[in-house]
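Dear colleague,

I am passing on the structure we spoke about, together with some notes on what I found in it. Please look through it first and then read on.

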Amino acid sequence: MTKARFHLPGLRYNYPLNMFWVSLLEQYPERFREGVEIGSCFGCFPVSLWNGGRLIQHDQCDAKYVEKVVKTINARGIPVRYTFTNPLITENDLDDPFCNYCMDVANNGMNEVMIMSPILEQYLREKYPNFAYNSSTCKEIKNVDDLNAEIDKDYKYVVLDYNLNNNWDFIGNLHQPEKLEVLVNTLCQPNCKRRGEHYRQIARDQKVVLLNRTLPKDKQIPIKEWYCEYGENNCIHTIQDYPTVIKPDDIWDKYIPAGINNFKIEGRTAYVFSLIDTYCHYMIKPEYIGETRLLMIKNLNKMGVISVSRPKPGVWP
């Protein structure tokens, strides 16, 4: 059977949703499109200094939570993939105790790291050789020769720059399509000019968040707000006309026949209802989408992940 491996966002906020989705795939395989598998659950445990791509300020995972999530995901045969894509890592950041602890917990030969910084990559490969390493889309590699060189390196997967989605003249010139991973639902505006700076701003803000935890309130440094009218407001329904979006049918009609089997879903900090729609859009057969969406909402409500408030009783007379 043809495999379509989907990589699901989130080790913190989406963890209950993702575990329910895994159970749904096990219990109702007939509702899913052909060959759907969960390739990994990706993200970080906040606040991780090495993390990139998303800023999380007001949260911190403890040791027991990290251990539980890694153990539970791995027990289902699914890798945990850390998004350690901070582009501004220095030598002084390598001994971060929490990030190294997260690596130690997952150091069982099953898990992965998405990487961007050469400094961090060298450190991790030497200290944690049991992990598989993946090359991040954050590198923004747009030259075919450079991307082929990246694919030929010792990476499990290389994530395509989203601006090259559906560019078959480019994709057709890649050496090892089986090592390529594509981001199917990027919410960013095509050819966004601020993308690289956004990654760097998140990295700077993340350091400020951690520094502020050591300072009294009157000495804390304000976080610089980053506003994006696209990523802030887009969802699977608003991006359908983007040339960068990958349609579900294209996965099975174009990408899989081309040897590409790995599909990443964006949304580590997305609204849960938006993610439900996105998961159903890509992985569920069209005739089962409505039924499956309602089943997910009902069960997530029972689990307390979604809270539906009820009117408070009044007094009469």
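**What I found**

The charged end of Lys264 sits over the ring of Phe42, 4.8 Å from the ring centre. Please bear in mind throughout that this is a predicted model. A second charge placed over a ring is that of Arg12, which lies over the face of Tyr65 at 4.5 Å from the ring centre.

Tyr65 leads on to the aromatic residues, for which the count comes to 14 aromatic pairs. In one of them, the rings of Tyr15 and Tyr65 have their centres 6.3 Å apart and their planes at 75°, so the pair is edge-to-face. Because Tyr15 lies in helix H1 and Tyr65 in helix H2, this pair ties together parts that are 50 residues apart in sequence. Tyr15 counts as buried, at 12% relative accessibility, and Tyr65 counts as buried too, at 14%.

Another pair is that of Trp50 and Phe84, whose ring centres are 5.3 Å apart with the planes at 85°, so that this pair is also edge-to-face. Trp50 lies in the loop between E2 and H2 and Phe84 in strand E3 (residues 80-84), so the pair ties together parts that are 34 residues apart in sequence. Trp50 counts as buried at 0% relative accessibility, and Phe84 likewise counts as buried at 0%. These four residues belong to one aromatic cluster, formed by Tyr15, Phe45, Trp50, Tyr65, Tyr82, Phe84 and Tyr123.

Phe45, a member of that cluster, is in contact with Leu11, Cys61, Tyr65, Val66, Val69, Val70, Tyr82, Phe98 and Cys102, leaving aside its neighbours within four places in sequence. Phe45 is also among the residues with the most contacts inside the largest nonpolar core, which has 82 residues; the others named there are Phe6, Trp21, Tyr82, Leu124 and Met283. The largest share of this core, eight residues, comes from H1.

How does helix H1 itself look? Its 13 residues (15-27) should span 18 Å at 1.5 Å a residue, and the end C-alpha atoms are 18 Å apart, which agrees. Ten of the 13 residues are buried, so H1 is largely enclosed by the rest of the structure; the buried ones are Tyr15, Leu17, Asn18, Met19, Phe20, Trp21, Val22, Ser23, Leu24 and Leu25. What covers them includes E1, E2, helix H2 (63-75), H9 and helix H10 (289-302).

Some of those elements recur around helix H8 (248-255), whose buried residues are Pro248, Asp250, Ile251, Trp252 and Tyr255. Their cover includes strand E1 (4-9), strand E2 (36-43), helix H6 (168-171), strand E7 (180-183), E8 and helix H9 (272-283).

Finally, Asn261 lies in the loop between H8 and strand E8 (262-264). With a relative accessible area of 16%, Asn261 is under the 20% cut-off and therefore counts as buried. The side chain of Asn261 reaches the backbone oxygen of Lys3 at 2.6 Å, and, leaving aside its neighbours within four places in sequence, Asn261 is in contact with Thr2, Lys3, Ala4, Arg5 and Ile256.

With best wishes

Note on methods: Residues numbered from 1 in each chain as written. Predicted model: local features only at pLDDT ≥ 70, side-chain atom pairs only at ≥ 80, totals over all residues. Heavy atoms only, no water. Helix = DSSP H or I, 4+ residues; strand = E, 2+ residues; numbered from the N terminus. Buried < 20%, exposed > 50% of the residue type's maximum accessible area, 1.4 Å probe, protein only. Polar contact = N/O pair within 3.5 Å; in protein donor to acceptor, adjacent residues only side chain to side chain. Contact = heavy atoms within 4.5 Å. Expected span 1.5 Å × (residues − 1). Phe/Tyr/Trp six-rings, centres within 6.5 Å; stacked < 30°, edge-to-face > 60°. Lys NZ or Arg CZ within 6 Å of the ring centre and 35° of its normal. Core = buried A, V, L, I, M, F, W, Y, C linked by side-chain atoms within 4.5 Å.
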